[in-house]
Amino acid sequence: MSNGNKRDYYDVLGVQKGASKEEIKKAYRKLALQYHPDRNPDNKDAEAKFKEASEAAEVLLSDEKRTRYDQFGHAGMDGFGGAGGGYGFSSDDIFSNLGSIFGDIFGDFDFMGEGGRRGGGRRGGGRGRERARAGHDLGLSMTIDFEDAAFGIEKEISVMRSVECNTCHGKGTRPGTSPSTCDQCKGYGEVRRQQGFFAIATTCPKCQGSGQLITDPCKDCHGQGKKRHKANLVVKVPAGIDNGQKLKLTGEGDSGQNGGPSGDLYVTINVSKHEFFERDGIDIYCTIPITFSEATLGTEIEVPALKGKISVKIPAGTQSGKKMRVKNKGITRLGGYGIGDQIITIQVETPTKLTNEQRELFEKLANLERKDKDKIRSNFNAHAGSGSGSNSNSNGGDSSNSSGGIFDKVKDLFT
């Protein structure tokens, strides 16, 4: 089914968008009981609804996938930016993941009372075979410079994680010994009870589902089968990453149990502030001060860029606060094509300390401005006295032209 034809996952389960995990589990449990293929043999419609509900539950019960789905909808399940693999689904994916979903929601559930075909008992009734378990995911944060976020970098990090004990090879027992069979579940790892139509299996509380008890534990790992280990890893930070985004390092979390896969490591990126630049998306911003004479006469200045410097022409008569855009001098777009721009804000500085020569020039400018203002006032008063509204407006236009001529006078003074 294409993304455009898929129903909203919240609608599929009949829950609100802000539903808690318990509400989602309850809604899924109801639908799974109703549409499970073992209760509806040869019913394609029921099987389709069961798959749809299972897919929705798998996404909404995962914090990472749910956040992605809430932000981008079904399109967000097709990929995960530059930080990891996609989240596409097929019918094989759904059934391969049902064991973990059912384990979280139902305990272990036998829909037919004799071991269901899909999503049934943890070991199908077999004795002494432990279920493979994936390792825990880990998370840490890493701080990088502003420029490193813009261009990408490789950095080494250290992480403490659980690895298989090399003394007992993950068994938890002292070398040369073996675990004993759990006397509560008789080695099955689960305790079953009948509830009407269904047989419900829950994890054995004594052996925690292993079916075995360690009576002579390994001295190195104290029966855990794992030890803490410091690992040094190289993280490839892609160009364009922003503050708060995460990178996924597949298989770099805690090791799994009984042949299960290792968990993943999620690295949250913290980008240091820059003393000169600020960032908004893929554009960068900076403020450049220029003198009054440079703003009046125009000039060409060198402006710092992410790489080196760029030359920028300041036109005559530039006002303070004017923004100038330099194309393709910003941040590379993460996971895509294109580069942002550098936006420069011009700040005209008013001099606070003047030399005698500078003061003399500004006094000449002030005299010129005063003469212009006296002439404007005289013309305005003359026309205002005659009651000519149109002429008054015309003189207002002259005022603008006279003020505009000040820049020409400044040029004459400074050149």
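Where in the chain is Thr291 found? Thr291 sits in the loop between β12 (283-290) and α7 (292-297), where helices (H or I, at least four residues) and strands (E, at least two) are DSSP runs numbered from the N terminus. We'll come back to that loop below.

First, some ground rules. This is a predicted model, in which local features need pLDDT of at least 70 and side-chain atom pairs count only at pLDDT 80 or more, while totals for chains, interfaces and linings use all residues. Residues are numbered from 1 along each chain as its sequence is written, and side-chain values use heavy atoms, with hydrogens and water left out.

**The chain as a whole**

The secondary structure comes to ten helices and 16 strands. Of the 415 residues, 36% count as buried, a label that means under 20% relative accessible area, with exposed over 50% and partly exposed in between (1.4 Å probe, protein chains only). Take the contacts (heavy atoms within 4.5 Å) between residues at least 6 apart in sequence: 64% of them join residues at least 24 apart.

**Cores and helix α3**

The largest nonpolar core has 22 residues, and those with the most contacts inside it include Tyr9, Leu13, Ile24, Leu60 and Tyr69. A core here is a set of buried Ala, Val, Leu, Ile, Met, Phe, Trp, Tyr and Cys residues joined through side-chain atoms within 4.5 Å. Helices α1, α2 and α3 each supply at least two residues of this core, and α3 gives the most, with seven. Apart from this core lies another, of 21 residues, among them Ile282, Ile301, Leu306 and Ile344. As a general point, nonpolar side chains in soluble globular proteins tend to be buried together.

Helix α3 (residues 44-60) has 17 residues, and at 1.5 Å a residue it should span 24 Å, which agrees with the 24 Å between its end C-alpha atoms. The expected span is 1.5 Å times one less than the number of residues. Twelve of the 17 residues of α3 are buried, including Ala46, Phe50 and Leu60, but also Glu47, Glu52, Glu55 and Glu58. At the N-terminal end, Asn43 caps α3, with a side-chain oxygen 3.2 Å from the backbone nitrogen of Asp45.

Gln34, in helix α2 (residues 21-35), is twelve residues from Ala46 in sequence and 8.3 Å from Ala46 in space, C-alpha to C-alpha. Gln34 counts as partly exposed because its relative accessibility is 42%. Setting aside residues up to four places away in sequence, Gln34 touches Arg39 and Asn40.

**Aromatic rings**

The structure holds five aromatic pairs. Rings of Phe, Tyr and Trp (its six-membered ring) pair if their centres lie within 6.5 Å; planes under 30 degrees apart count as stacked, over 60 as edge-to-face and the rest as tilted. One of the pairs is Tyr10 with Tyr69, tilted, at 6.2 Å centre to centre and 40 degrees between the planes. This pair links distant parts of the chain, with Tyr10 in helix α1 (residues 9-13) and Tyr69 in helix α4 (residues 63-72), 59 residues apart. Both Tyr10 and Tyr69 are buried. Another pair, Phe276 and Phe277, is edge-to-face, at 4.8 Å and 75 degrees. Phe276 counts as partly exposed because its relative accessibility is 26%, whereas Phe277 is buried, at 4%.

Tyr9 joins Tyr10 and Tyr69 in one aromatic cluster. Leaving aside neighbours within four places in sequence, Tyr69 is in contact with residues including Asp8, Val59, Leu60 and His74. His74 lies in the loop between α4 and α5 (91-105) and counts as buried because its relative accessibility is 11%.

Elsewhere, the charged end of Lys307 sits over the ring of Phe151, 4.6 Å from its centre. That label requires NZ of Lys or CZ of Arg within 6 Å of the ring centre and within 35 degrees of the ring normal.

**Polar contacts and the Thr291 loop**

A polar contact is a pair of N or O atoms within 3.5 Å; within protein, one must be able to donate a hydrogen and the other to accept it, and residues adjacent in sequence count only if both atoms are side-chain atoms.

| Side or group | Partner | Distance |
|---|---|---|
| Gln34 side chain | Tyr35 side chain | 3.2 Å |
| His74 side chain | Arg7 backbone oxygen | 2.9 Å |
| Thr291 side chain | Ser293 side chain | 3.2 Å |

Back in its loop, Thr291 counts as partly exposed because its relative accessibility is 37%. Thr291 and Thr350 are 59 residues apart in sequence, yet 7.2 Å apart in space, C-alpha to C-alpha. Not counting residues up to four places away in sequence, Thr291 touches Val348 and Glu349.
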